[in-house]
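This briefing describes the fold of one protein chain and the residues that surround its metal ion. Please read it beside the sequence and the structure displayed below.

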Amino acid sequence: MFPMVRARMVRAAAMALLAASLVAGLQACSGGADSDEARLVVYSSRAEHLIKPLFDAYTERSGVRIDFITGEEQPLIQRLLAEGESTTADLLITVDAGNLWNASSEGVLRPVSSAALESSIPAHLRDPQGRWFGLSVRARTLVYAPARTGPEELSTYEALAEPQWQGRLCLRTSRKVYNQSLVAMLIAEHGEARTEEIVRGWVDNLAVDVFPNDTQVIEAVAAGQCDVGIVNTYYFGRLKAQRPGIAAALFWPNQQSTGVHVNVSGAGVTRHSPRPEAAVAFLEWLAQPEAQAMFAGLNYEYPAATGVALDPLVADWGEFRQNLINVSQAGELQADAVRLMTRAGYR
Ligand code: FE
């Protein structure tokens with residue numbers, strides 16, 4: 001047997017065991033079969049400090065208790081697959097449309113039809129089949145060093161492939177799903193051949209090797225290692241909150257063309273949810289203004305619903321036009337994007 005396959009089987013077995021003990025544990029909490037209508041169970045790859053305040057607020061208003069576990073998205077999806085019909089989980093919360101798309105294509109989410117969700121969450125931020133809904137928007141935009149460049153020189157993601165940026169660009173690794181989703185969206189807009197030219201241009205223009213995370217890209221820009229980078233705005237928000245004087249600023253690209261690349265964090269109701277109606281009611285609550293302001297504000301993100309107040313630090317970055325392509329494209333074209341980035345030498 002190939003070591004990879006074996007390792008996967010061992011992992012799957014371990015996962016099933018874990019899942020079984022989890023089910024037992026959660027049932028022990030609720031004192032028997034999981035028919036308790038006054039609670040919900042959430043699996044979340046969004047960190048506890050970003051979701052717990054929302055769960056507490058919902059419990060306070062509705063009396064519904066929320067039990068949850070947090071973990072990496074892939075193991076959580078595997079866990080739902082292993083548990084099947086015996087799962088106690090009602091909802092999956094995760095980041096990035098690529099991950100939500102994976103969860104729905106693995107069949108662990110169920111289609112939901114809700115007039116409230118459809119009217120509050122714009123169409124490009126949710127699954128056309130209703131298996132997941134974006135709850136916050138994460139904009140992947142340009143960060144630049146005001147001492148060395150600015151709005152007079154910056155324009156689009158595509159333009160960062162031009163020779164004028166030779167030795168001036170910083171990027172995060174292509175292994176991160178955020179960049180896979182960005183490149184997937186470029187494929188949706190330009191096709192593979194043109195997108196490969198763009199990505200090759202980026203690689204040629206790198207000032208230094210790729211970074212493991214967005215924070216390091218911003219730090220490199222601020223430290224003068226490069227003039228421009230591509231990052232999610234909330235990482236900038238976190239740094240800016242700690243160091244208001246940081247020598248970096250945000251720029252909204254593609255405002256005359258396609259708009260800023262946005263992604264979501266979002267949620268879906270699990271296929272075998274024991275309490276699907278209560279799960280939908282919670283999703284609907286998450287999509288209304290009070291919860292939206294909290295969901296986005298806790299992480300310096302943007303609300304998915306329109307007309308919701310922004311965190312003041314986020315509001316400071318000004319308004320921008322979003323790319324209105326459905327974020328599910330990020331999942332559909334993710335495998336193509338990964339292959340393209342490998343061909344283009346983007347590590
Ligand atoms: Fe992130």
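Strand β6 covers residues 228-232, and five of its five residues are buried in this predicted model. The points below begin with this strand and its partners, and then turn to the core, the iron ion and selected single residues.

**Strand β6 and its partners**

- Val228, Ile230 and Asn232 point one way from β6, whereas Gly229 and Val231 point the other way.
- In general, side chains in a regular strand alternate between the two faces of the sheet.
- The residues on both sides of β6 are all buried.
- Strand β4 and strand β6 run antiparallel and are joined by five bridges. Within this pairing, Arg140 has Asn232 in β6 as its bridge partner.
- Strand β5, formed by residues 169-170, runs parallel to β6 and is joined to it by two bridges. Here Cys170 has Gly229 of β6 as its bridge partner.

**Leu142 in strand β4**

- Leu142 belongs to strand β4, which spans residues 133-144.
- Is Leu142 buried or exposed? Leu142 has a relative accessible area of 0% and is therefore buried.
- Beyond its neighbours within four places in sequence, Leu142 is in contact with several residues of the chain, among them Val228, Gly229 and Ile230. Those three residues belong to the set that makes up β6.
- The contacts of Leu142 also include Leu154, Thr156, Tyr157 and Leu160. Leu142 and Leu154 are 12 residues apart along the chain, and their C-alpha atoms are separated by 8.7 Å.

**The nonpolar core**

- The largest nonpolar core holds 106 residues. The members that touch the most other members are Leu40, Val143, Trp202, Ile218, Phe282, Leu283 and Leu286.
- Which element supplies the largest share of this core? Helix α6 does, with 11 residues.
- The core takes at least three residues from domain 1 (3-137 + 263-310) and at least three from domain 2 (138-261 + 319-343).
- Val143, leaving aside its neighbours within four places in sequence, is in contact with residues that include Val217, Ile218, Val221 and Phe236. Val228, Gly229 and Val231 are also among the contacts of Val143.

**The iron ion**

- Which protein residues are the donors of the iron ion? They are Tyr178, Tyr234 and Tyr235, each through its OH atom, at 2.0 to 2.1 Å from the ion.
- Along the chain, these donors follow the spacing Y-x55-Y-Y.
- Tyr178 lies in helix α6 (residues 177-205) and Tyr234 in helix α8 (residues 233-242), so this pair, 56 residues apart, links distant parts of the chain.
- Both Tyr178 and Tyr234 are buried.

**Strands β1 and β2**

- Strand β1 (residues 39-44) and strand β2 (residues 65-70) run parallel and are joined by six bridges.
- Between these two strands the chain passes through helix α2 (residues 48-62), and the resulting β-α-β crossover is right-handed.
- Leu40 stands opposite Ile66 in β2. Leu40 is also one of the core members that touch the most other members.

**Asn102 in helix α4**

- Asn102 is located in helix α4, which spans residues 97-105.
- Why does Asn102 count as buried? The relative accessible area of Asn102 is 19%, and the cut-off for buried is under 20%, so Asn102 falls within that class.
- Apart from neighbours within four places in sequence, Asn102 is in contact with Gln74 and Gln334.

**Two residues with positive phi**

- Asp96 has a phi near 75°, a positive value in a residue other than glycine. Asp96 occupies the loop between β3 (91-95) and α4, and it counts as buried at 1% relative accessibility.
- Asn254 is not a glycine either, and its phi is positive at about 60°. Asn254 lies in the loop between β7 (249-251) and β8 (261-269), and it counts as buried at 2% relative accessibility.

**The protein as a whole**

- The secondary structure consists of 13 helices and nine strands.
- Of the 347 residues in the protein, 54% are buried.
- Among contacts with a separation of 6 or more, 78% are between residues 24 or more positions apart.

Note on methods. Residues numbered from 1 in each chain as written. Predicted model: local features only at pLDDT ≥ 70, side-chain atom pairs only at ≥ 80, totals over all residues. Heavy atoms only, no water. Donors = N, O, S within 2.8 Å, 3.2 Å for Na, K, Ca; no water. Helix = DSSP H or I, 4+ residues; strand = E, 2+ residues; numbered from the N terminus. Buried < 20%, exposed > 50% of the residue type's maximum accessible area, 1.4 Å probe, protein only. Pairing = 2+ DSSP bridges. Right-handed = clockwise from strand over helix to strand, strands pointing away. Contact = heavy atoms within 4.5 Å. Core = buried A, V, L, I, M, F, W, Y, C linked by side-chain atoms within 4.5 Å. Domains from an automatic or database assignment.
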